[in-house]
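The following exercises invite the reader to work through a protein structure step by step. Each task is followed by a worked solution.

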Amino acid sequence: MAMNTRNTIILAAGKGTRMKSKLYKVLHKVCGMPMVEHVLTEVQKTQIDEIVTVVGFGAEDVKATLGDRSEYVLQEKQLGTGHAVMQTEPLLKDKEGTTLVISGDTPLFTAETLSNLFEFHDAKKAVATVLTSIAPDPTGYGRIVRNKLGIVEKIVEQKDATDAEKEIAEINTGVYVFDNQALFRALHETNNENAQGEYYLTDVIEILKNQGDTVAAYTMSDFDESMGVNDRVALAKANRIMQKRINETHMRNGVTLINPENTYIDMNVTIGADTIIEPGVLLKGKTIIGEDCFIGANSEIHDSVLHDRVKVISSYLEDSEMHDDSNIGPMSHLRPESNIGPKVHLGNFVEVKKSTIGEGTKVGHLTYVGNGNLGKNINVGCGVVFVNYDGAHKNTTTVGDDSFIGSNANLIAPLNVADHSFIAAGSTITDDVAKYDMAIARQRQTNKPNYYQKLPYGGED
Ligand code: UD1
Ligand code: CA
């Protein structure tokens, strides 16, 4: 029995010359996610059986980005969008059903629009349906040419358009659904006799129309959603539009953004209700933020997990975790693999790297904790250095619960400081410290009576 499948072809082989970039175009990111991955993610929400991505320039990088979420075909020479679709013929030509074609450089399309397009196509019993929109400035896009009855005749590219055609505001978004077998039959009839010397996918529309097939156009209302990114100006615009969408979703879910126009949240970040985010904040990668948190101005958080009621004040966090009711900042830095326990206080100018800090511990000021394993309720004074590097190896310092590390101490790793011990201020500690001990390791103070008077500026007052 023939299955009525839904397939998708993602075109992602072009170089993206107008980006003027070493990075391949469809891998440029919009809100932290490569453009082609945005496309694939939305496509996957619409019950697709088979997805084939056409790769060419940067093929290995695109495959590495999308992984096994797609199949791939290689287009060795970029001879046009029609030629690109042709490369999928061996994989798709025998399928009965519908094929969606979309470009890897249109990151703003939503699954909802793609589903609407499929439904419109089915309802019209069309052989091809092109997704169109009305552009405020259509320059650069293919134009939809309709006859007097409003029926789509063809698509003309900017470079091939007559002056009259250039006046048309209805543009080809570069998204289509086709009867699969009709698509490949028509592609064989295309040629490259046009201004760019390319095989245009857009010509398939006219070919099908001329052979009497039903060709439809579905006009979407939001032009912005259809925008194609060909240069960095458009990339910035796509980021703005996507950012607005993301931020509005968070606000609707109960997150306060003091100034959403100046808050930068990546695609897959999650944020709990009643969290407040001040201006200039960047939340990147796989960051997860709990409820009732406060993220103060100009903080930047990468790939980190914050539990509930965590407070971050103007700080920089990478690949770390902060548990309930902990706080950090201003001007502090969590480097990768730092695990900050509940109710921990990290104050200003504190750097933590690859360390665990237990519940209730306080590290208030000007301190470096590197490769530290700190227990609970420890007080770390001002200016303490966990001396973790001997020039060859990174070594660990362990500090037990309820200990006190005096200000300006150097803890030279590897080192074990037991529970309930006390390190005197200004000590350089090289040997382990046992439970209930006080360690003091510094030159003893000598007072010289009346020495002031022997100094050149001294004397009686
Ligand atoms: C294309 C359409 C145009 C439409 C616009 C919408 C054609 C001829 N023109 O123009 O009508 O308004 O998209 O954004 O289709 N690609 C390949 N192999 C190639 C050439 C292109 O894989 O040989 C890929 C590109 O990587 C890109 C996509 O196809 O992802 C579109 O190509 P691009 O050169 O950006 O086409 P446009 O000029 O934008
Ligand atoms: Ca394009």
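**Exercise 1. The open sheet**

Determine the strand order of the open sheet of nine strands, and state which strands stand at its edges.

Solution. In this predicted model, the nine strands follow the order β14-β17-β20-β23-β26-β28-β30-β33-β36. The pairing within this open sheet is parallel. The next step is to look at the ends of that order: β14 (270-271) and β36 (415-417) each have a single partner strand, so one side of each is left without a neighbour in the sheet. Finally, one pairing may be examined in detail. Strand β30, residues 372-374, is joined to strand β33, residues 397-399, by three bridges in the parallel sense. Within this pairing, Asn373 is found opposite Thr398 of β33.

**Exercise 2. The surroundings of β6**

Identify how strands β1 and β10 pair with β6, and decide whether the residues of β6 are buried or exposed.

Solution. Begin with β1, which covers residues 5-12 and runs parallel to β6, with seven bridges between them. Thr8 has Leu100 of β6 as its bridge partner. Turn next to β10, which covers residues 170-179: this strand pairs with β6 in the antiparallel sense, over four bridges. Leu100 stands opposite Val177 of β10, and Leu100 is also the bridge partner of Thr8. As a general point, strands of a sheet pair through backbone hydrogen bonds, either parallel or antiparallel. The last step concerns accessibility: seven of the seven residues of β6 are buried, so the strand is largely enclosed by the rest of the structure.

**Exercise 3. The calcium ion**

Name the protein donors of the calcium ion (ligand 2) and explain which parts of the chain they tie together.

Solution. The donors are Asp105, through OD, and Asn230, through OD1, at 2.5 to 2.7 Å from the ion. To place them, note that Asp105 belongs to the loop between β6 (97-103) and α5 (111-124), while Asn230 belongs to the loop between β11 (215-219) and α9 (232-252); the pair therefore ties together parts that are 125 residues apart in sequence. Their accessibility can then be classified. Asp105 has a relative accessible area of 13% and is buried, because buried means under 20%. Asn230, with 26% relative accessibility, is partly exposed.

**Exercise 4. Aromatic pairs and a surface patch**

Find how many aromatic pairs the structure has, and classify the pairs Tyr176 with Phe178 and Phe404 with Phe422.

Solution. The count comes to five aromatic pairs. For Tyr176 and Phe178, the ring centres are 5.5 Å apart and the planes lie at 25°, so this pair is stacked; planes under 30 degrees apart count as stacked. Tyr176 is buried at 4% relative accessible area, and Phe178 is buried at 0%.

For Phe404 and Phe422, the centres are 4.8 Å apart and the planes lie at 10°, so this pair is stacked. Phe404 lies in strand β34 (residues 404-405) and Phe422 in strand β37, so the pair ties together parts that are 18 residues apart in sequence. Strand β37 covers residues 422-423. Phe404 is partly exposed, at 33%, and Phe422 is partly exposed, at 36%.

A final step takes the solution to the surface. Phe404 and Phe422, together with Met438 and Ile440, make a nonpolar surface patch of about 350 Å².

Key: Residues numbered from 1 in each chain as written. Chains lettered and ligands numbered in written order. Predicted model: local features only at pLDDT ≥ 70, side-chain atom pairs only at ≥ 80, totals over all residues. Heavy atoms only, no water. Donors = N, O, S within 2.8 Å, 3.2 Å for Na, K, Ca; no water. Helix = DSSP H or I, 4+ residues; strand = E, 2+ residues; numbered from the N terminus. Buried < 20%, exposed > 50% of the residue type's maximum accessible area, 1.4 Å probe, protein only. Pairing = 2+ DSSP bridges. Patch = residues over 30% accessible without salt bridge, like charges linked within 9 Å, V, L, I, M, F, W, Y side chains within 5 Å. Areas by Shrake-Rupley, 256 points an atom, 1.4 Å probe, with all protein chains shown as cover. Salt bridge = Lys/Arg side-chain N within 4 Å of Asp/Glu carboxyl O. Phe/Tyr/Trp six-rings, centres within 6.5 Å; stacked < 30°, edge-to-face > 60°.
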